[in-house]
Amino acid sequence: QVKMVESGGGLVQPGGSLRLSCAASPLTFRPNTRGWFRQAPGKERELVVGIRWIDGMTYYADSVKGRFIISRDNAKNTVYLQMNSLKPEDTAVYYCAAGSTLNFTHKQYYEYWGQGTQVTVSS
């Protein structure tokens with residue numbers, strides 16, 4: 001079965017940084033898209049950033065542009081989310097996701113999900 005495992009979450013002060021990782025297995029699982037989502041209490045799960053594998057095209061939510069960066073390691077079948085200049089409003093459970101289509105800008109096109117990792121930004 002396909003497995004997606006997030007790691008790297010934790011507690012960080014405002015202005016700090018964290019890097020999340022998402023390892024997908026098996027290595028033969030090569031979805032067309034990968035993405036990061038987040039869900040804060042009382043809110044819907046929202047797209048943070050998506051990436052189309054074939055050409056590396058990305059789509060960032062306005063709220064994280066200039067602060068977050070997605071990257072990938074094809075050999076490890078892993079994507080990363082570098083989060084800089086973190087704000088309290090970034091506090092949420094962050095989920096790794098993948099999709100089989102070439103659409104990566106909306107939640108409805110993602111069908112594989114990890115269990116999430118908590119990111120808390122607080123002083």
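In this predicted model, Arg67 is buried, with a relative accessible area of 10%; the value falls under the 20% limit, and Arg67 therefore counts as buried rather than partly exposed. The residue is placed in the loop that runs between β6 (58–60) and β7 (68–73). A polar atom of the Arg67 side chain lies 3.0 Å from the backbone oxygen of Ser85. When neighbours within four places in sequence are left aside, the residues in contact with Arg67 are Gln82, Met83, Asn84, Ser85, Leu86, Lys87 and Asp90. Ser85 thus appears both in this list of contacts and as the residue whose backbone oxygen faces the polar side-chain atom of Arg67.

Gln82, one of the residues in contact with Arg67, also has a place in the strand pairing. Gln82 in β8 stands opposite Arg19. Strand β8 (residues 78–83) and β3 pair in the antiparallel sense, over six bridges. Strand β3 also pairs with strand β1 (residues 3–7), again in the antiparallel sense, and this pairing extends over five bridges. Within the pairing of β1 and β3, Ser7 stands opposite Ser21 in β3. Arg19 has a further partner in Tyr80, lying over the face of its ring at 4.3 Å from the ring centre.

The structure holds one disulfide. The bond joins Cys22 to Cys96, with an S to S distance of 1.8 Å. The angle about the S-S bond is -80°, and the link of Cys22 and Cys96 is left-handed. Distant parts of the chain are linked by this pair, since Cys22 belongs to strand β3 (residues 18–25) and Cys96 to strand β9 (residues 92–99), 74 residues apart. Cys22 and Cys96 are both buried.

Aromatic pairs number three in the model. In one of them, the ring centres of Phe37 and Tyr110 are 4.9 Å apart and the planes stand at 80°; this angle is over 60 degrees, so the pair is edge-to-face. Phe37 lies in strand β4 (residues 33–39), whereas Tyr110 lies in the loop between β9 and β10 (112–113), so the pair ties together parts that are 73 residues apart in sequence. Both Phe37 and Tyr110 are buried. Together with Trp113, Phe37 and Tyr110 form one aromatic cluster. The ring of Trp113 also has a charged group over it, namely the charged end of Arg45, which sits 5.1 Å from the ring centre.

The surroundings of Phe37 were examined further. Phe37 has a relative accessible area of 0% and is therefore buried. The C-alpha atoms of Phe37 and Val48 are separated by 5.0 Å, although the two residues are 11 residues apart along the chain. With neighbours within four places in sequence left aside, Phe37 is in contact with Arg45, Glu46, Leu47, Val48, Val93, Tyr94, Tyr95, Ala97, Lys107, Tyr110 and Trp113. Among these contacts are Tyr110 and Trp113, the other members of the aromatic cluster. Arg45 is also in contact with Phe37, while the charged end of Arg45 sits over the ring of Trp113.

Key. Residues are numbered from 1 along each chain as its sequence is written. This is a predicted model: local features need pLDDT of at least 70, side-chain atom pairs count only at pLDDT 80 or more; totals for chains, interfaces and linings use all residues. Side-chain values use heavy atoms; hydrogens and water are left out. Helices (H or I, at least four residues) and strands (E, at least two) are DSSP runs, numbered from the N terminus. Buried means under 20% relative accessible area, exposed over 50%, partly exposed in between (1.4 Å probe, protein chains only). A polar contact is a pair of N or O atoms within 3.5 Å; within protein, one must be able to donate a hydrogen and the other to accept it, and residues adjacent in sequence count only if both atoms are side-chain atoms. Contact means heavy atoms within 4.5 Å. A disulfide is a pair of cysteine sulfur atoms within 2.5 Å. Rings of Phe, Tyr and Trp (its six-membered ring) pair if their centres lie within 6.5 Å; planes under 30 degrees apart count as stacked, over 60 as edge-to-face and the rest as tilted. A charge sits over a ring if NZ of Lys or CZ of Arg is within 6 Å of the ring centre and within 35 degrees of the ring normal. Two strands pair if DSSP finds at least two bridges between them.
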